Amino acid sequence: MAQPHFLCMLLFLVLSSANACDRCVHQSKASYFSDAAASSGACGYGSLALTISGGHLAAGVSSLYKQGAGCGACFQIRCKDSKLCSSKGTKVTLIDLNHNNQSDFVLTSRAFMAMANKGKGQDVLKLGIVDVEYKRIPCEYKNQNLAIRVEESSHKPYYLAIKLLYQGGQTEIVAIDVAQVGSSNWSFMTRNYGAVWDSSRVPNGALQFRFVVTFGYDGKWVWAKNVLPADWKIGVIYDSGVQITDIAQEGCSPCDDGNW
């Protein structure tokens, strides 16, 4: 059972170390990879990755990946060559870890070309790597609640692995508890990797979840009261019934927001 005082301390520690300056514009470089490679990303979205953000996807360095907590985060990114690239740039969703320290982002080729002015996509692609500026922005999934997918590695009744989808706002989920619907006997889940969480302490019956959601220096509990039915099935995506839309609270000095 997850003890309340432990979870409150966890929330305090996470918030005290959170980077609340996501709105600031950062300077770096970006390259690209094959769109097909997105399905093997470290966040574990698999083939579902290609359905996110119209295929405008990115691998981010470890400071953005955040040991998996950054999975699903949204960024606005634009290249700095005004002759080839638009001032608006494009929005991307983080789905992988970038191990290359030469650039903060590696984008799908579709996202890379989307930074270009009309008719200049192939010209930008030929460059291979470009100077960029970027900032984190809220993810928007209109009329779409946070969803939970039961992973194929799950084995009822001993083991449950879930994947989080459609996490909105400018947020990170840093802890998850699971309990039988109607029970206060909560068990904590562990981040296995990326957006995948698991537990070998699976309650019987229909399941409810509660999440510690952080946004900048602020955070809260989000309670999804009836998510998985008693006969939950692997490979099925279940609606949590809750929508996350929080925007990061800022605790840093004023900075250049790039006039975006």
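Here are some numbered notes for a first look at this predicted model.

1. Start with the overall make-up. The protein has four helices and 15 strands, so expect to spend your time on strands if you follow these notes. Of its 260 residues, 52% count as buried. The accessible surface comes to about 12200 Å², and carbon and sulfur atoms account for 52% of that area.

2. A word on how the chain meets itself. Take the contacts between residues at least 6 apart in sequence: 73% of them join residues at least 24 apart. Keep that in mind when you trace the strands below, where partners come from separate stretches of the numbering, such as residues 172-180 for β9 and residues 207-215 for β13.

3. Now find the open sheet of four strands. Its order is β10-β9-β13-β14, and the pairing is antiparallel. The edges are β10 (187-188) and β14, each with a single partner strand, so one side of each has no neighbour in the sheet. As background, strands of a sheet pair through backbone hydrogen bonds, in either a parallel or an antiparallel way.

4. Within that sheet, look at β13, which covers residues 207-215. Nine of its nine residues are buried, so the strand counts as mostly covered. Leu207, Phe209, Phe211, Val213 and Phe215 point one way, while Gln208, Arg210, Val212 and Thr214 point the other way, and all of these are buried.

5. What are the neighbours of β13 in the sheet order? They are β9 and β14. Strand β9 (residues 172-180) pairs with β13 in the antiparallel sense over eight bridges. Strand β14 (residues 218-228) is also antiparallel to β13, and eight bridges join the two. If you want landmarks along the β13 and β14 pair, Leu207 stands opposite Leu228, and Val213 stands opposite Lys220.

6. The turn from β13 into β14 is worth a look too. This hairpin has two residues between the strands, and Gly216 takes a positive phi near 65° there.

7. Arg210 deserves its own stop. This residue lies in strand β13, and its bridge partner is Asp177. The two also meet through their side chains, with a polar contact of 2.9 Å between Arg210 and Asp177. Is Arg210 buried or exposed? Its relative accessibility is 17%, so Arg210 counts as buried, the cut-off being under 20%.

8. Next, move to β8, residues 160-165. This strand is mostly covered as well, with six of its six residues buried. Both of its faces are covered: Leu160, Ile162 and Leu164 sit on one side, Ala161, Lys163 and Leu165 on the other, and all are buried. Note that Lys163 is in that buried list.

9. Which strands does β8 pair with? One is β7 (residues 147-150), which runs antiparallel to β8 and is joined to it by four bridges. Here Arg149 stands opposite Lys163. Another is β12 (residues 196-199), again antiparallel and again with four bridges. In that pair, the bridge partner of Leu160 is Ser199.

10. Check the loop between β7 and β8, where Pro157 is placed. The peptide bond from Lys156 to Pro157 is cis, with omega near 5°.

11. At the other end of β8, look at Tyr166, in the loop between β8 and β9. Its phi is near 60°, a positive value in a residue other than glycine. With 29% relative accessibility, Tyr166 counts as partly exposed, because that class runs from the 20% limit for buried to the 50% limit for exposed.

12. Finally, Ser53 is another residue that is not a glycine and has a positive phi, here about 55°. You will find Ser53 in the loop between β1 (26-33) and β2 (57-60). Its relative accessibility is 24%, so Ser53 counts as partly exposed.

Key: Residues are numbered from 1 along each chain as its sequence is written. This is a predicted model: local features need pLDDT of at least 70, side-chain atom pairs count only at pLDDT 80 or more; totals for chains, interfaces and linings use all residues. Side-chain values use heavy atoms; hydrogens and water are left out. Buried means under 20% relative accessible area, exposed over 50%, partly exposed in between (1.4 Å probe, protein chains only). Two strands pair if DSSP finds at least two bridges between them. A polar contact is a pair of N or O atoms within 3.5 Å; within protein, one must be able to donate a hydrogen and the other to accept it, and residues adjacent in sequence count only if both atoms are side-chain atoms. Contact means heavy atoms within 4.5 Å. Accessible areas come from the Shrake-Rupley method with a 1.4 Å probe; for residues, only the protein chains shown count as cover.
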